[in-house]
Structures are given as C-alpha cells and as structure tokens.
Amino acid sequence: MGYMHKVFLSGSGIYGCSNCGTHLALKDKVTSKLYTGQYGRAYLVEEVSNVRAGEADKRTMTTGVHIVKDIMCMECNNYVGWTYITAFSADQKFKEGKFILEKELICDRSRDWN
C-alpha cells in the first residue's frame with residue numbers, strides 16, 4: 001500500500017489522538033456520547049479521518065453480535081476505537097459503517113483563534 005496522506009480537519013470542534021494529536025473526527029459528526037468501550041465512555045461517530053482498520057472480528061457486545069474492525073491512529077498506530085462492519089440484529093443495523101472513538105484515547109484538539 002502506498003503512502004497515506006494525513007488530513008487536517010477544520011471546524012469548531014476536533015477530536016484527535018491523545019498520544020500524538022493527529023486529527024480524527026469533527027465534533028459535529030458525533031451522533032451519540034452514550035456508548036461504552038473497553039476504556040469507559042465512548043462516542044458513536046459518523047465519519048473519521050487518519051485511521052487504519054485492522055482485521056474483521058466477530059464480537060459479542062452488550063447490544064448483540066457484531067462484526068467490527070479495530071481502528072488505529074495512522075500516525076502513531078495507537079488503538080482509538082473500532083468500526084462496525086455488520087450488525088446481526090435488525091435494530092442495530094444503524095451502526096453499520098459508523099465508528100466508536102474511546103473517550104479515554106482521544107483529546108479535544110479544538111482551538112479558539114479569536
């Protein structure tokens with residue numbers, strides 16, 4: 001695979017990797033803050049940048065069985081969450097294609113330039 005270019009996000013709110021600060025998601029792409037990950041609170045996000053996905057894994061979670069892929073920061077390779085590939089329960093299908101970012105593993109990269 002070739003070189004992956006880092007994306008620098010712009011907007012009123014940005015979440016980044018807590019290890020290296022690489023931009024990961026815009027705050028307005030967060031659809032819920034009511035999720036729980038391996039490290040505590042987690043956010044369901046519509047879109048992320050600057051991550052690479054691991055291998056697909058079938059996991060039993062509190063909401064049922066899902067096929068997910070862990071996502072890592074493309075800059076420092078730290079685990080930051082996962083993406084939902086397949087949900088087997090009809091009421092969980094809305095998660096497919098979305099991402100979980102673990103609150104403990106991200107930081108607020110927002111800046112007030114005024």
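Strands here are DSSP runs of E of at least two residues, and they are numbered from the N terminus. I need that at the start, since Asn50 is placed by strand numbers: Asn50 is in the loop between S4 and S5. Please also keep in mind that this is a predicted model.

Let me begin with the sheet that has six strands. The order across this open sheet is S3-S4-S8-S7-S6-S5, and the pairing is antiparallel. Which strands are at the edges? Strand S3, residues 30-37, and strand S5, residues 51-61, are the edge strands, and each of them pairs on one side only. On average, neighbouring strands of this sheet are turned by 30 degrees against each other, with direction ignored.

Now walk across the sheet from S3. A hairpin of two residues takes the chain from S3 to S4. S4 covers residues 40-45, and five bridges pair this strand with S3 in the antiparallel sense. Two of the residue pairs are worth finding on the screen. Thr36 has Arg41 of S4 as its bridge partner, and Tyr35 stands opposite Ala42, also in S4.

Ala42 leads us on to the next strand, as this residue also stands opposite Glu102 in S8. S4 and S8 run antiparallel and are joined by four bridges. On the other side in the order, S7 is joined to S8 by three bridges, and these two strands run antiparallel as well. There, Gly81 stands opposite Leu101 of S8.

Stay with S8 for a moment. Are the residues on its two faces buried or exposed? Strand S8 is made of residues 99-102, and both of its faces are covered. Phe99 and Leu101 are on one side, Ile100 and Glu102 are on the other, and all of them are buried. So Glu102, the residue opposite Ala42, counts as buried because its relative accessible area is under 20%.

Next, the second sheet. This open sheet has three strands in the order S2-S1-S9, with antiparallel pairing. Its edge strands are S2 and S9, the latter being residues 106-108, and each pairs on one side only. From one strand to the next, the twist averages 35 degrees. S1 and S2 are paired antiparallel over three bridges. As an example, the bridge partner of Ile14 is Leu26 in S2.

The loop between S1, residues 14-17, and S2, residues 23-26, holds Thr22. Why does Thr22 count as buried? Its relative accessible area is 2%, and the cut-off for buried is under 20%. The side chain of Thr22 also makes a polar contact of 3.5 Å with the side chain of Lys6.

Following the chain past S2, we come to Asp28, in the loop between S2 and S3. Asp28 has a relative accessibility of 63% and therefore counts as exposed, the cut-off being over 50%. Between Asp28 and Arg59 there are 28 Å in space from C-alpha to C-alpha, and the two are 31 residues apart in sequence.

Now two asparagines with an unusual sign to look for. Asn50 is not a glycine, and yet its phi is positive, about 60 degrees. Asn77 is also a residue other than glycine with a positive phi, in this case near 70 degrees. Asn77 sits in the loop between S6, residues 64-73, and S7. How accessible is each one? Asn50 has a relative accessibility of 6%, so this residue counts as buried. Asn77 has 42%, so this one counts as partly exposed.

Last, the largest pocket. About 240 Å³ of space lies in it. How many residues line it? The lining has 13 residues, and those nearest the centre are Thr36, Met61, Thr62, Trp82 and Tyr84. S3, S5 and S7, the last of these being residues 79-87, are the elements that each give two or more residues to the lining. By type, the lining divides into six nonpolar, five polar and two charged residues. You have already met Thr36: this is the residue whose bridge partner in S4 is Arg41. And S3 and S5, which both contribute to the lining, are the two edge strands of the six-stranded sheet.

That is the tour. Questions, please.

Key. Residues numbered from 1 in each chain as written. Predicted model: local features only at pLDDT ≥ 70, side-chain atom pairs only at ≥ 80, totals over all residues. Heavy atoms only, no water. Pairing = 2+ DSSP bridges. Axes fitted to C-alpha atoms, helices over the stretch in contact; angles between N-to-C directions. 1 Å grid on protein atoms, 1.4 Å probe; cavity = no way out; pocket = protein on both sides within 12 Å on 5 of 7 lines; lining within 4 Å. Points joined across faces, edges and corners; volume = space filled by probe spheres on them. Nonpolar A, V, L, I, M, F, W, Y, C, P; charged D, E, K, R; others polar. Buried < 20%, exposed > 50% of the residue type's maximum accessible area, 1.4 Å probe, protein only. Polar contact = N/O pair within 3.5 Å; in protein donor to acceptor, adjacent residues only side chain to side chain.
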